[in-house]
Amino acid sequence: MKQLIGTGVALVTPFKTDFSVDIDALHRIVNYCVDGGVDYLVVLGTTGESVTLTKEEKQLVIDTVTIANAGRLPLVVGVGGNNTVAVIEELQKLDLTNFDAVLSVSPYYNRPTQEGIFQHFKAIAQVSAKPIILYNVPGRTGSNMLPETVVRLATEVENIVGIKDASGDMIQLQELIKDCPKDFHVISGDDFTALATVLAGGSGVISVLGQGLPSEFSRMIRSGLDRNVDDAYRQHYELQEGMGLIFQEGNPAGIKTIFEILGLAGATVRLPLIEASDSLKKNIADFVKPFKVFA
């Protein structure tokens, strides 16, 4: 799937001050990302605060992004959870016509064994109308999907085409790249490992910062894919401070601050998350200023 090469961005769900979904702001963000040169959009991921959205709000977000995108970029939708039967039911009911793939997180809280993780993804892949991208994020799920489990899924389950790995462990990422089939996409799930993953042979990144600075982040990833290593690392170091700042008080409080600075959307998040502190907002504004970005 060539659609998964390059820079994907995990879109935020913007809210108004009354905490309702801000459709107009979401339109602006989609256009900003498309115009900025990202390669694909990911809807209803962790950054989209999907766990605090109702079923109706999730559909509203899907419809809004689909309309705003107007077929310009490939779309990936997040459908996952720790109840395998519930995930299967959601996949069967959801209209996936406009999506190229499904991003599905490894079961959280339950902390299944590696065999349990394998059986979970095998079960949902068998019913999904679109290819599955595994999502490994141990810091949120409480368990790590080990490379041998991923390799087994990649080789034994036809409908599983890639993994977004947010373990932050470059040795693990390198093992995945080395041992998975050549057409299997190993995608960085962390901004700070994005370039290293690409240079090691991975497909790209599903980024958070990339939606705030789409031109700059996409340029870095393209440089890495083109093996322009010196340019790529120069761009990485220019972005590195921001990669840390936007996660300093939790995601997506930091990236929503960038959208507030750009005038694209408010910084409102839903409890139990809270907005970034004034001091962090100032630091993020100072970071963004030299890029001279205008939405």
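A polar contact here is a pair of N or O atoms within 3.5 Å. One such pair turns up at the start of helix H1 in this predicted model: a side-chain oxygen of Asp22 comes to within 3.4 Å of the backbone nitrogen of Asp24.

H1 itself runs over residues 23–36, and its length checks out: at 1.5 Å a residue, its 14 residues should span 20 Å, and the end C-alpha atoms do sit 20 Å apart. Just past the helix comes Gly37, with a positive phi near 95°.

A good part of H1 is tucked away from solvent. Ala25, Leu26, Ile29, Val30, Tyr32, Cys33, Val34 and Gly36 are buried. Their cover includes two strands, S1 (6–10) and S2 (40–43), along with helices H2 (55–69), H9 (209–212), H10 (214–225) and H12 (253–262).

As for H10, its axis and that of H1 come within 8 Å and cross at roughly 40°. The pair is therefore oblique, and the crossing is right-handed. On the H1 side, the residues involved are Tyr32, Cys33 and Gly36, which meet Pro214, Ser215 and Ser218 of H10.

Elsewhere, Thr141 belongs to helix H5, residues 138–141. Thr141 counts as buried because its relative accessible area is 3%, and the cut-off is 20%. The Thr141 side chain also reaches the backbone oxygen of Ser143, at 2.8 Å. Leaving aside residues up to four places away in sequence, Thr141 touches Val105, Ser106, Pro107, Tyr108, Tyr109 and Arg111.

Note on methods
Residues are numbered from 1 along each chain as its sequence is written. This is a predicted model: local features need pLDDT of at least 70, side-chain atom pairs count only at pLDDT 80 or more; totals for chains, interfaces and linings use all residues. Side-chain values use heavy atoms; hydrogens and water are left out. Helices (H or I, at least four residues) and strands (E, at least two) are DSSP runs, numbered from the N terminus. The expected span of a helix is 1.5 Å times one less than its number of residues. Buried means under 20% relative accessible area, exposed over 50%, partly exposed in between (1.4 Å probe, protein chains only). Contact means heavy atoms within 4.5 Å. A polar contact is a pair of N or O atoms within 3.5 Å; within protein, one must be able to donate a hydrogen and the other to accept it, and residues adjacent in sequence count only if both atoms are side-chain atoms. Axes are lines fitted to C-alpha atoms, for helices over the stretch in contact, and angles run from 0 to 180 degrees between N-to-C directions. Angles under 35 degrees count as roughly parallel, over 145 as roughly antiparallel, 65 to 115 as roughly perpendicular and the rest as oblique. A crossing is left-handed if the near helix is turned anticlockwise from the far one by less than a right angle, and right-handed if clockwise.
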